Each structure stands twice: as structure tokens, then as C-alpha cells.
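Let's walk through this one together, starting with the whole chain and then zooming in on a single residue.

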Amino acid sequence: MSSASRPLRILQILRAPVGGLFRHVYDLTHELAARGHEIGIVADSLHTDALTEERLEKLRPLAPLGIHSLPIPRTFGTADLTTPLRVRRLADVLQIDVLHGHGAKGGLNARLARIGARQRVSLYTPHGGVLNYRPGSPAGQLFRLIERALLGATDAMVFESGFAQRAYTEQIGKPSCPGPVIHNGLMPSEFEAIVPGPAAADFVFIGEFRAVKGISYLLDALVDVRALDGRPATLVMAGGGPDLDTIRAQVERLGLAKRVTLVGVKPARPTLHLGRIAVVPSLAESLPYVILEAAAAGRPVIATDVGGVKEIYGPTASSLLPAADAAALRGAMQAALDDPAAAAREVELRLAHIRGGFSIAHMTDQIEALYRQVLAARAPAGVTSPSVLTS
């Protein structure tokens, strides 16, 4: 087998398998494994539960190099000094080519474990991570200081959106290593159309139940929205989180108990069948999968202009709404019910935009090429890395 085609040995490192970060790691691992690369996973051993174990088990068939549980504290702890050494020893034993850290703590371990090891490279995808801390907070200041110190041990960064790339440059500094924007991608099956049944609600929300998702504004907006036949509009909400009780109380206070149905935590795609129009009223995001999934399934989406959402919306970006604005949200929801033909035209424009640039194959092509590019750059002078793509 030529050096250009030899499979890579890759260690994906993350703290917890949650949210869009886990979705990204799962999809990337799935596609890399399908291409013949050998994958290992490192995840936190300190905070685990049945759902965490279930998600990691989904990865096990794709990870012949094993799933390894090591202590990765959410905040700072002694394990932040000892675990990178254990990751390095593990990488030596497994003969790893690429350490790919996801999130702030995954990135910390990948880069510290790479220091001094000429035979491998470290890549880092922030997934928000350190950027989620308030700039003036003590934790935010400390994490940003560490980020700047680690830039020298970073062979490449992957930003899932132009928004994340700009935010990192503004808050941390411009990376001296390659740092391309590589958008998250979807499986081919996720581009199959979803047609809600006759009993579907008017709107559907899918996400975590916490303040940053803008749910309070969504419920306020829903109060006066009416369908074409004059009946009060309905909403299905799928998710869970720390603000569940607060949301239930607001539903009762606004008199929406008969119009809002809470269905618990469910996967996005099956839940899209339960509503005709997806609503994503977030106050902050990076590149939300739920918008990608809804748009790929041919569903109308009402969303706020936060994070990298504009990059998903492409030619339909002018329809994005200001965050934390119940009146604007109410107007958009009413307009979508009043003029379904206009909503359908926007769906087609958005789908054409994401079909080429947001596929899992396109995402993995770019990340795989980046792995090989930085391996080639790190190889000692006059030596061709055995895993490197030649050009």
C-alpha cells in the first residue's frame, strides 16, 4: 500500500458525548472508519451515566482502537496535568498518527499529549468550548490564557463555522497554524424529505430546555398566533434540561397548556414529523445541527440570526430574525402560516444551498485532507511521513 493511501490511526478526544459535539464526532468517526482509517476514542471517566454509556456504545463498532475512559474534569483539576500524559502513553502504544481534540478539554488533552512527539499531529475543533465563557469572567480569562499558550502545540484547527473562526480570532488570536472553516455535514439519508402527518402541530421546537435557546420568547410569541382557519396555533416541544420546570410554569401562566405538547428528549429527524414548521429561537449558537437537519428534510425553519446560522441560510439569510424579540418571532410565525407558498419557496432555495456544502462526505474529505497536510508539514526534513498524502 502506498504512503498516499495507508490508513491513518486517529484518536478522537472529547470530554462528554453530548449535543452537537457528539453528533460531529460520531459522524466523523463513522465516515473515517468507512474509508478504512482506524479510530480510537478517549472520553471522561469522572462524570458518566446511562445515556453517556449508551452514546459511547454507539461508537464502539466504529473504533477498533478502543474506547478509553480517562479523568477529564469539566473545570480545572489535577487530572488536567496527569491525563495528557496518559493520553500520550496510549497514543504511543496505539501508534497514533492524529490526535483530534473536540471541545476545550478535548483540545487541551490532544495538544498537551502531542508535545515532543514528532511522529504525530494534534488538531483541535473548539465546538464553542472556551468561546462559551464570558470574556470578563475569571474562568473565561483563565481558559483564554491557556488557549493562547497551546497555540504553539496545535498543528491545525477546524472551525465548524466562519462565525466560530472569527470569534476565536477576536477572543484568543489568529491561529498560526492552518485553521479552515469546515462545515458540519449530514448523511445522505438526512436529505430525504419529511412530510408531517395530518395530526402534526403547526410548529415544532427541538433542543435543550435552557435560557440560551430562547424558549421563553417562543412561548410569548405563540400566544397570539392563529392558523388560517382562526384556531390558536399549536406547538410540539422536544427536549429536556435545567429549565424544564420553568418552561412548564410559563406554559401554564400563558394559558398554553392545551396548545403546547412536551414530548421529552427525542432525536431530531423523527420529531420533525410532529410539526409543520421548525422554530429555532436561540439567543446564541455556533452551527446548529437542528437547523441543518430540518432544512435538509425540506421543512420550513424560522430561526434567529445568531452564530453561524446565516451560513446555513445562504440566499435566504434575510429572513433571519433578531434574537430575544418575541414580536419579530410572532410576526414570522404568523407569516409562515398565512403564506405557506412563500415558505415553500424559501425551503427550496435553502435546500439547494446546503445540499452540496453540508454533506458528511464533503466534511470528511476536507478533514481527512487536513490530517494528511499537517502530517506532511510535521515530518522531519527529508523524511516522508508514512501516512502522508503526496502531491
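Helices here are DSSP runs of H or I at least four residues long, strands are E runs of at least two, and both are numbered from the N terminus. Counted that way, the protein chain in this predicted model has 14 helices and eleven strands. How compact is the protein chain? Its radius of gyration is 22 Å, close to the 21 Å that the globule rule gives for 391 residues, so the chain is as compact as a globular protein of that length. Lay the C-alpha trace along its principal axes and the spans come to about 75 × 40 × 40 Å.

Now for the inside. Buried residues make up 54% of the 391 in the chain. Among contacts with a separation of 6 or more, 73% come from residues 24 or more positions apart.

On the outside, the chain exposes about 16,500 Å², with carbon and sulfur atoms supplying 57% of that. As for charge, there are 41 positive and 36 negative ones, and their mean positions sit 4 Å apart.

Time to zoom in on Thr-304. You'll find Thr-304 in the loop between strand E11 (301-303) and helix H11 (309-313). Is Thr-304 buried or exposed? The relative accessible area is 3%, and buried means under 20%, so Thr-304 counts as buried. Leaving out residues up to four places away in sequence, Thr-304 touches Val-280, Pro-281 and Ser-282, then Val-309, and also Leu-320, Leu-321, Pro-322 and Ala-323. Ser-282 is worth a second look: its backbone oxygen lies 2.6 Å from a polar atom of the Thr-304 side chain.

Terms used:
Residues numbered from 1 in each chain as written. Predicted model: local features only at pLDDT ≥ 70, side-chain atom pairs only at ≥ 80, totals over all residues. Heavy atoms only, no water. Rg over C-alpha atoms; globule rule 2.2 N^0.38 Å. Buried < 20%, exposed > 50% of the residue type's maximum accessible area, 1.4 Å probe, protein only. Contact = heavy atoms within 4.5 Å. Areas by Shrake-Rupley, 256 points an atom, 1.4 Å probe, with all protein chains shown as cover. Lys, Arg positive; Asp, Glu negative; His and termini not counted. Charge placed at Lys NZ, Arg CZ, Asp CG, Glu CD. Polar contact = N/O pair within 3.5 Å; in protein donor to acceptor, adjacent residues only side chain to side chain.
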